[in-house]
Amino acid sequence: AVCPSCHPWRRLPGVKPAPVVCRRTAMAVQIALAVRSARERVLGNQNVNVADDEVLAGSRAHRALTDKLTVKATMRMLEEGAHGDAAAPMGNATSTNSRERAGSKEGSSFVFAVRPQKLLTRMDMEYQMINVAMKMPLFLICMVCFIWAISLLSPAESISKVHQQLIGHFDVSKDRFDTIGSFSDIYDFILSFESANRELQATSAKYWCEKRYFEHSWNDALGVPERSCPSPRLDALGFQTDTPTKWSAWKAAQAPASSSSSSASPAPAASGHRRLLKGRGLSEPATHSSTGGGSAGGVPPCEDDDKELQAEEGDLNMTCNNSASHVCEIDLGITLCPKTCGYCAPFEYEHSVYFDRPQVTLLPVMVHQTRFPTKECEHFAHTFEMQPFNRDLKTMPPLDGERLGRVLTCIDRTKHLESEYAFELECPKVGAPEKFCQGGVMKDTKIHYYHGEPVYAKFLTEPTKNINAMREVGWVDLQTEQVVVSTLVYTEGVEIFTSISAVFKMDPAGNIVAHNSMISYTDLTRSQRTVFIVLMVIVCVGSFGGVVINGWQLWKSRSCKWGLQAYELFSRSVMCVYALVLLLTWMKQVPMAEEYDSLLRSVLDMNGHGPEEFEELVQTYFDGKTMVYYESQWLMSHRIAIYIILYIQFAQLIAYFAVHPRLAMLTSTIAGALDHMFHFFMLFAVITLMLAFMASWMLGGDVHAFQTFGEAVASQGKMLFGEWIYADNADDLHGWMVAMYWLYAITFMLVLFFTLLNFFLAIVVEAFVVVKGNIVEDSTEQNIVYDISDLLRIYWRFKRHQWGSHAVLTDRLREAVAEEEVWHVRKLLDIMPPKAQNAHSLAQFLHYYACKSPSVISTGVEANKLMRQAHEKDVREHCPKTASLNEAFKDASAILTPALKHSFQGVIGDPVWSYEKVQIGSQILHRVSANFARECAVETDTVDIAEMITGGGMELAHDKSPDK
């Protein structure tokens, strides 16, 4: 009908159509057919509300309509003014349904409008996604490099495995600590800890045997060689070995060998063994003469010191020779009688057992404590201290006599003890060596300083002797604040240096609270150091680039989300500054290998073996360990800082995802529920804290779970998550306490567990349902995969169709959009760039966005309705006379329609009535409405109203053309 010569099936002979014209004409015909089919399908169903866009949004007709919305359709809108009727005054009350029926008969009358808010929402989402897509690669590069770098600095997986192994080896688990309830248990733990330390000490006597005692023999029963070390020197030092040997037994065994030739083989061992003599057999006892060579410091002379022995033992008649059987079996024989006992240097060692562990401890165990000073007893303690005695209480000693000493030891817990020695023990009047007891007092455990705090330390070089001496003097007592048992461990292969400690704290009631403390430091290899520096430089540069980009956007862009941009600027700035600080401070740190080597040298470089030299060694050790402590604290502080930085970046990542509505469900749900959650948590906190205080105050003395306010709060958290509801020792309650406990438990269950917890879930679920509903109603976005892939096409389409810059067009659209719900396409044409202000380009633009977001386009009846609503709003704002007349028409219709519906049913849109009857009914409404108009618009002139009526609805009555 439009161009018969261009239709393939109606082409006239001899006519050569233009290809472009034919394609456009064919497209126009297809659009007309699609629109007619869609309108008839919808309007033909009386149960469908055509004013609801949801009818069309999901239907195939609407999809077909959207797909056919191309150049010709938009050009027709622009050139023929298809919205002219929709923009007419509403006072023209000609039946809308009649127009729609006419339109439905005339399939080519394709009416649609633009929803600017929907279009702006879609373009703004694309704008934000484009910004995020531009920033995301730099953000991800910085994050990947930062995570890689901190994984090198503190490899979590390797450290976790090392800690797991050390906890099991040293038995520093919570279950083990729960068994410690007395000072004696602490001594037992120290002994087991030292034994475990010796197993990891690759240079300990467990793995090495002095060559003169080393035995390498053949086990006939097993058919394999075996090694043993029957060393009397190790036995004298108190080390537990597989073959404990006393010096006297060893000496007796050597007597036959010394009388024979030096080349003779030793006597056979016990049944089932033969000694191997090739280079690794039993050596001759060392001679008593001094030999040179060996260590850098030279070999000390091998001489007995009888005078020192007499001072040590307090016996002037004792010598090394006449008391060898006693002296050589204790450590005095090693230090004072080496010549007699045969303990002379130099020493050479063979492997008795090969070391086969990845972890190694460097030094013996160090035990140190902090102490409180004593004070004069106060209050009832003073009364108890000053209690008298009664000689008649002979059956109740010592209440029947005078007590020559303190009854109680009262502690001042406000400060630490800083005296030179921890203990001053009274020595016996007879037999006490003057070397140890000066003035009748033995001073034990000298003060040292560890990272500025006074400590009293024991270096367990002779563990059995040291621990037994500690038991005897009561090294752990009421004055002890805490005891720390520690050692240093190195893990080969991963270069992890670990300081492991077991800490025992004593509270005023005498309870012992124990826990472990492990801090691991990783030394980077040369290649790892290079990688770490490069990664941190990338993080610094990338973060600085992010700061520049965000600062420029804040300054330049008027449409950016200031909250998001400001937080992103803060996030990038923090990352940039912290990465630089971390890199600079790390480069100043001394490698932990050097610190451990310094600690090892502090023992190996010791000169002499007296008490003064030993105390100097302990202080040197603490000086070195202080440096280890500071480096470990540096690492721990940065781990905490990194943890906070990661949380900041985590929030940044969530903010990036929030630009797409379907990924913003978390933030949108929290934002929607924030007000209710604030009030909920306020109520929840008050009730929880009040119940915790009540439980602690009333039940804390009997129920361990509530013994302190903090533990009561923690216990309620466990109860809230269902870990338990019945306390472990609640069975021990009796009488009224049982009622008090169950009153608390029932209140907690009803108020917190069943009610408030479900309140919180309801708040979150309700907010989520609202957010999900908004996403369903808002058809401006697609799934995230489609929208991300669409970002790759936006630049190409905007450039191809000359739509200008996406950001500029979005800004212009944002400035033009007020509160209008609908636009004529002509208004959208005004904001397009100059090169795109034509029907062809606009049609391509609308088609592109209608395919992605169908709600951008409003079609058919709804378009007319929205356009009329927009026109009414514009009339109310700019044409008060017309607005008054329209209100009068509405009032007249409300009154006259019931009265006229029997005679003129056309006024209510009955489709069976003819066009003429409809027009007569409309004329009556218009004429009577004039009287209402005079009342609604008092100041309006009658002539103006008549002109409005004449120029509006009345002209339709005079136009009798069939097309109308």
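With a torsion of 85 degrees about the S-S bond, the link between C209 and C229 is right-handed, and the two sulfur atoms lie 2.0 Å apart. The structure in question is a predicted model, and the disulfide joins parts of the chain that are 20 residues apart, with C209 placed in strand β2 (residues 208-210) and C229 in the loop between β4 (224-228) and α10 (232-236). Both C209 and C229 are buried. In total, the structure holds 6 disulfides, and when the bonded cysteines are counted along the chain, the connectivity follows the pattern 1-2, 3-8, 4-6, 5-7, 9-10, 11-12.

Two further disulfides can be described in similar detail. C320 and C337 are joined with an S to S distance of 1.9 Å, and the torsion about their S-S bond is about -70 degrees, so this disulfide is left-handed. Because C320 lies in the loop between α12 (306-313) and α13 (324-327), whereas C337 lies in the loop between α14 (331-335) and α15 (338-341), the pair ties together parts that are 17 residues apart in sequence. C320 is buried, as is C337. The sulfur atoms of C427 and C437 likewise form a disulfide, at a separation of 1.9 Å, and the torsion about that S-S bond is about -85 degrees, so the link is left-handed. With C427 in the loop between β9 (421-426) and β10 (437-438) and C437 in strand β10 itself, the pair connects parts that are 10 residues apart in sequence. Both C427 and C437 are buried.

Not every cysteine sulfur is within bonding distance of another. The cysteine sulfur closest to that of C540 belongs to C576, and because the separation is 5.6 Å, against a cut-off of 2.5 Å for a disulfide, the two are too far apart for a bond. C540 counts as buried, at 11% relative accessibility, whereas C851 counts as partly exposed, at 25% relative accessibility.

Aromatic contacts were examined next, and the count of aromatic pairs comes to 36. In the pair formed by F189 and F504, the ring centres are 5.2 Å apart and the planes stand at 75 degrees, so the arrangement is edge-to-face, the angle being over 60 degrees. This pair links distant parts of the chain, since F189 belongs to helix α9 (residues 183-200) and F504 to strand β14 (residues 496-506), 315 residues apart. Both F189 and F504 are buried. The pair of F753 and F754 is also edge-to-face, with 5.2 Å from centre to centre and 85 degrees between the planes. Here F753 is partly exposed, with a relative accessible area of 28%, and F754 is partly exposed as well, with a relative accessible area of 46%. Beyond individual pairs, one aromatic cluster is formed by Y450, F459, F614, Y621, F622, Y629 and Y630.

Positively charged side chains are also found over aromatic rings. R233 lies over the face of F347, at 4.1 Å from the ring centre, and K852 lies over the face of Y849, where the corresponding distance to the ring centre is 4.3 Å.

Among the polar side chains, that of N219 was considered in its local setting. N219 is located in strand β3 (residues 215-219) and is buried, its relative accessible area of 10% falling under the 20% limit. A polar atom of the N219 side chain lies 2.9 Å from the backbone nitrogen of A221, and the side chain of N219 additionally makes a polar contact with the side chain of E226, at 3.3 Å.

The confidence of the prediction varies along the chain. The average pLDDT of the protein is 77, and 72% of the residues score at least 70. Over residues 1-71, however, pLDDT stays under 50, and for this segment the model has 88 contacts beyond four places in sequence. A second segment, residues 260-294, also has pLDDT under 50 throughout, and the model has 61 contacts beyond four places in sequence for these residues.

How values were computed: Residues are numbered from 1 along each chain as its sequence is written. This is a predicted model: local features need pLDDT of at least 70, side-chain atom pairs count only at pLDDT 80 or more; totals for chains, interfaces and linings use all residues. Side-chain values use heavy atoms; hydrogens and water are left out. Rings of Phe, Tyr and Trp (its six-membered ring) pair if their centres lie within 6.5 Å; planes under 30 degrees apart count as stacked, over 60 as edge-to-face and the rest as tilted. Helices (H or I, at least four residues) and strands (E, at least two) are DSSP runs, numbered from the N terminus. Buried means under 20% relative accessible area, exposed over 50%, partly exposed in between (1.4 Å probe, protein chains only). A charge sits over a ring if NZ of Lys or CZ of Arg is within 6 Å of the ring centre and within 35 degrees of the ring normal. A polar contact is a pair of N or O atoms within 3.5 Å; within protein, one must be able to donate a hydrogen and the other to accept it, and residues adjacent in sequence count only if both atoms are side-chain atoms. pLDDT is the predictor's confidence in each residue, from 0 to 100. Contact means heavy atoms within 4.5 Å.
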